[in-house]
Amino acid sequence: MAKRGISILKGIKADEVVTLLNKAYADEWLAYYQYFIEAKVVKGIMKDAAITELTQHAADELRHATMLSDRILQLGGTPLLHPQDWLTHTNCGYDAPIDANVLPVLEQAIKGEQCAISIYSKLIDTTREKDIVTYDMISQILADEVEHEEDLQALYDDIHEFIAEVKKNIQ
Ligand code: MG
Ligand code: FE
Ligand code: FE
């Protein structure tokens with residue numbers, strides 16, 4: 001634990017930040033696994049485009065988990081040590097892709113990204129002018145989550161439109 005680095009926090013305690021970061025850390029691991037397994041099991045129309053997107057997002061979520069764990073350690077905390085803790089600390093939960101068709105999979109993933117955006121947006125408010133290093137890191141993660149939502153929604157809309165077009169042509 002580096003003392004001077006922690007001493008620059010203003011009006012917020014390091015352990016308060018650690019608690020919030022550990023919840024986000026749990027979310028990132030669950031999001032990583034959700035994308036990982038969705039990319040394996042997803043099926044149906046335009047699934048290759050979905051697999052490409054889901055695989056990229058899995059890598060991003062794992063990178064976010066790395067960023068969060070590094071910051072937790074800088075603040076003198078301990079990142080969650082057991083995978084069981086992910087489910088007890090998560091904000092956004094975990095949605096197993098029980099229906100592996102491409103549209104329901106994308107719907108679940110979009111819902112997850114929207115939750116992540118809300119959580120990081122709150123964290124931004126909590127750390128603004130209080131913990132500049134965490135604030136800056138969360139801003140970067142938040143920008144990725146906004147991009148993720150947009151990518152998934154655009155893909156969802158394309159597939160939806162394609163299906164509607166096909167239905168129209170066979171009538
Ligand atoms: Mg993407
Ligand atoms: Fe993330
Ligand atoms: Fe994301």
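**Exercise 1. Work out why His148 counts as buried.**

Step 1: the cut-offs. Buried means under 20% relative accessible area, exposed over 50%, and partly exposed in between (1.4 Å probe, protein chains only).
Step 2: the value. His148 has 1% relative accessibility, so it counts as buried.
Step 3: a partner. Glu145 is also at 1%, so it counts as buried.

Before you go on: this is a predicted model, where local features need pLDDT of at least 70, side-chain atom pairs count only at pLDDT 80 or more, and totals for chains, interfaces and linings use all residues. Residues are numbered from 1 along each chain as its sequence is written, ligands are numbered from 1 in the order in which they are written, and side-chain values use heavy atoms, with hydrogens and water left out.

**Exercise 2. Find which helix holds Glu145 and His148, and what they bind.**

Step 1: the helix. Both sit in helix 6 (residues 132-170), 3 residues apart, about one turn. Helices here are DSSP runs (H or I, at least four residues), numbered from the N terminus.
Step 2: the metal. Glu145 (OE) and His148 (ND1) are among the donors of the iron ion (ligand 3), at 2.0 to 2.4 Å. Donors are N, O and S atoms within 2.8 Å of the metal (3.2 Å for Na, K and Ca); water is not among the atoms, so sites may look incomplete.
Step 3: the neighbour. Glu61 coordinates both this iron ion and the iron ion (ligand 2), 3.9 Å apart.

**Exercise 3. Name the protein donors of the magnesium ion (ligand 1).**

Step 1: the list. They're Glu53 (OE), His57 (NE2) and Asp151 (OD).
Step 2: the helix. Glu53 and His57 lie in helix 3 (residues 47-74), 4 residues apart.

Key. Helices (H or I, at least four residues) and strands (E, at least two) are DSSP runs, numbered from the N terminus.
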